[in-house]
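Student: I have a model open and would like to test some of the labels people put on it. Could we go through them one by one?
Tutor: Gladly; let's set each value against its cut-off.

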Amino acid sequence: YQRRVHGAVGTIDERVFLWNPWNDSMNQSDNTQFTYTFDNHTLGVIDLKFNELGNRLAVSSMDSVIRVWDVDNGVKFSEIACNTCENWKIDFTEGGRTLITAGEQGIVSFYDLETAEQTQKLRSEGVDVFASVVRASPNGSFIATGNTTGNIVSVSYTHL
């Protein structure tokens, strides 16, 4: 496969800017050319993550909606409505078919990108704090979250 390379940044004013970092115009601070600007969120962007191939960009927002964008043509691929404060951190797993989220109370949720449906919800035993990061292992067999207490929780995971 050929991995696509893009840069992206989300802002508190609900926008996401996507660009090709190899574009010479990015070196000229007064003449930046963005590939796409996504402005469909109604509250600030919290997290964003490219899938392994670099052709999808997931964006979480304080509006409790995750939008997944096709970065090749700038169209929305999927939109996932989440429970409030459970979608603060995101990552792709299972070859980019599933999105995992983490947020308050140590909850990790799994969403199928084709159907935009939640497929599983895990709660870490004894962890009732905000997750500051969530990551899947490259083979998708472990999910790890880091939280505001400085602890890391790792969960062995097999998605059925």
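**Salt bridges and their surroundings**

Tutor: Searching the whole structure, which is a predicted model, turns up five salt bridges.

Student: What makes the contact of lysine 49 with aspartate 91 a salt bridge?

Tutor: The closest N and O atoms of lysine 49 and aspartate 91 are 3.7 Å apart. The cut-off is a Lys or Arg side-chain nitrogen within 4 Å of a carboxyl oxygen of Asp or Glu, so the pair qualifies. Lysine 49 belongs to strand β4 (residues 45-50) and aspartate 91 to strand β8 (residues 89-93), so this pair ties together parts 42 residues apart in sequence.

Student: Why is aspartate 91 called buried?

Tutor: Its relative accessibility is 4%, and buried means under 20%, so the label follows for aspartate 91. Lysine 49 has a relative accessible area of 24%; that value lies between 20% and 50%, so lysine 49 is partly exposed.

Student: How do you know that arginine 56 and aspartate 70 meet in a salt bridge?

Tutor: Their N to O distance is 3.1 Å, and the limit is 4 Å, so the pair counts. Arginine 56 sits in strand β5 and aspartate 70 in strand β6, so parts 14 residues apart in sequence are tied together. Both arginine 56 and aspartate 70 are buried.

Student: What makes arginine 56 a charge over the ring of phenylalanine 77?

Tutor: Arginine 56 lies over the face of phenylalanine 77, at 3.8 Å from the ring centre. The distance limit is within 6 Å, so that part of the test is met.

Student: Which salt bridge does glutamate 79 form with arginine 67, and how are the two labelled for exposure?

Tutor: Their side chains meet at 3.0 Å, N to O. Glutamate 79 is in strand β7 and arginine 67 in strand β6, so the bridge ties together parts 12 residues apart in sequence. At 38% relative accessibility, glutamate 79 is partly exposed, whereas arginine 67, at 7%, is buried. Both residues also belong to a salt-bridge network with Asp63 and Lys76.

Student: Why does methionine 62 count as partly exposed?

Tutor: Its relative accessibility is 36%, between the 20% and 50% limits, so methionine 62 gets that label. Methionine 62 lies in the loop between β5 (56-61) and β6 (65-70). Together with Ile12 and Leu43, Met62 forms a nonpolar surface patch of about 290 Å² accessible area.

Definitions and conventions: Residues numbered from 1 in each chain as written. Predicted model: local features only at pLDDT ≥ 70, side-chain atom pairs only at ≥ 80, totals over all residues. Heavy atoms only, no water. Patch = residues over 30% accessible without salt bridge, like charges linked within 9 Å, V, L, I, M, F, W, Y side chains within 5 Å. Areas by Shrake-Rupley, 256 points an atom, 1.4 Å probe, with all protein chains shown as cover. Helix = DSSP H or I, 4+ residues; strand = E, 2+ residues; numbered from the N terminus. Buried < 20%, exposed > 50% of the residue type's maximum accessible area, 1.4 Å probe, protein only. Lys NZ or Arg CZ within 6 Å of the ring centre and 35° of its normal.
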